[in-house]
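I opened this notebook to record what I looked up in one structure. The entries go from the whole chain to its aromatic rings.

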Amino acid sequence: MASSSTSVTPSSHLATKLAHPRAISSHFSSNPNSLNISFPLKNGSFKLRRNATSITLKTLFAHDPKGEFDVLKAAVVTEDTWEKSVMNSDAPVLVEFYASWCGPCMMVHRIIDEIASEYAGRVSCFILNTDTDFPVAEVYNIMAVPVVLLFKNGERKESVVGTMPKEYYIAAIERILKS
């Protein structure tokens, strides 16, 4: 950046847009050259510092393909970990069967990640890639994705086929928890 003392870490398209002095000055009335920006932090926050004042903004959504933020998400389960993670689990288990090329599966991923956070300690949430772990999908006759199966005591209890609103998954979980 030309004559600005604004610093941005790490560099990203969003960071570059936010770091432009004119964009910042439209939101803050002070001199943009004294503004420091640093983000993202490990907790998913952004910090904006103007002179001695520090402002923290909380992110509402962050795309985190490497899983670097401290957000509880559905864990990956594979053919090798299936028995221990799903069949021998003391807690009820939710498993999303997906494929990496499946757009609707990515929408279901977000819902399952939310559920993993909301039901932490009561329900274990996993995702299984049907392309890489086809033998497990074959056992449960998964012919299309996304499919969400719920297990209790190693037994398949509920299934939700296709992309559904979050309420469908919640209702199935609540039925499992009450049974």
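The entries below begin with the overall fold and then turn to the aromatic pairs.

Entry 1, overall fold. I note at the outset that the model is predicted. I counted six helices and eight strands in the protein chain. Reading from the N terminus, I recorded the order α-α-β-β-β-β-α-β-α-β-α-β-β-α.

Entry 2, burial and surface. I looked up the burial of the 179 residues in the protein chain and found 37% of them buried. I noted an accessible surface of about 10,800 Å², with 56% of it belonging to carbon and sulfur atoms.

Entry 3, contacts. Considering contacts with a separation of 6 or more, I found that 58% join residues 24 or more positions apart.

Entry 4, aromatic pairs. I found five aromatic pairs in the structure. One of them is Trp82 with Phe97, a tilted pair at 6.0 Å centre to centre and 50° between the planes. I placed Trp82 in helix H3 (residues 82–87) and Phe97 in strand E5 (residues 93–98), 15 residues apart. Both residues are buried.

I then examined Trp82 against Phe151: the ring centres lie 5.6 Å apart and the planes stand at 85°, so I entered this pair as edge-to-face. Phe151 belongs to strand E7 (residues 147–152), and 69 residues separate it from Trp82 in helix H3.

Entry 5, burial of this second pair. Why does Trp82 count as buried? Its relative accessibility is 6%, and the cut-off for buried is under 20%. Phe151 is buried as well, with a relative accessible area of 1%.

Entry 6, cluster. I closed by tracing the ring pairs, which link Trp82, Phe97, Tyr140 and Phe151 into a cluster.

Key: Residues numbered from 1 in each chain as written. Predicted model: local features only at pLDDT ≥ 70, side-chain atom pairs only at ≥ 80, totals over all residues. Heavy atoms only, no water. Helix = DSSP H or I, 4+ residues; strand = E, 2+ residues; numbered from the N terminus. Buried < 20%, exposed > 50% of the residue type's maximum accessible area, 1.4 Å probe, protein only. Contact = heavy atoms within 4.5 Å. Areas by Shrake-Rupley, 256 points an atom, 1.4 Å probe, with all protein chains shown as cover. Phe/Tyr/Trp six-rings, centres within 6.5 Å; stacked < 30°, edge-to-face > 60°.
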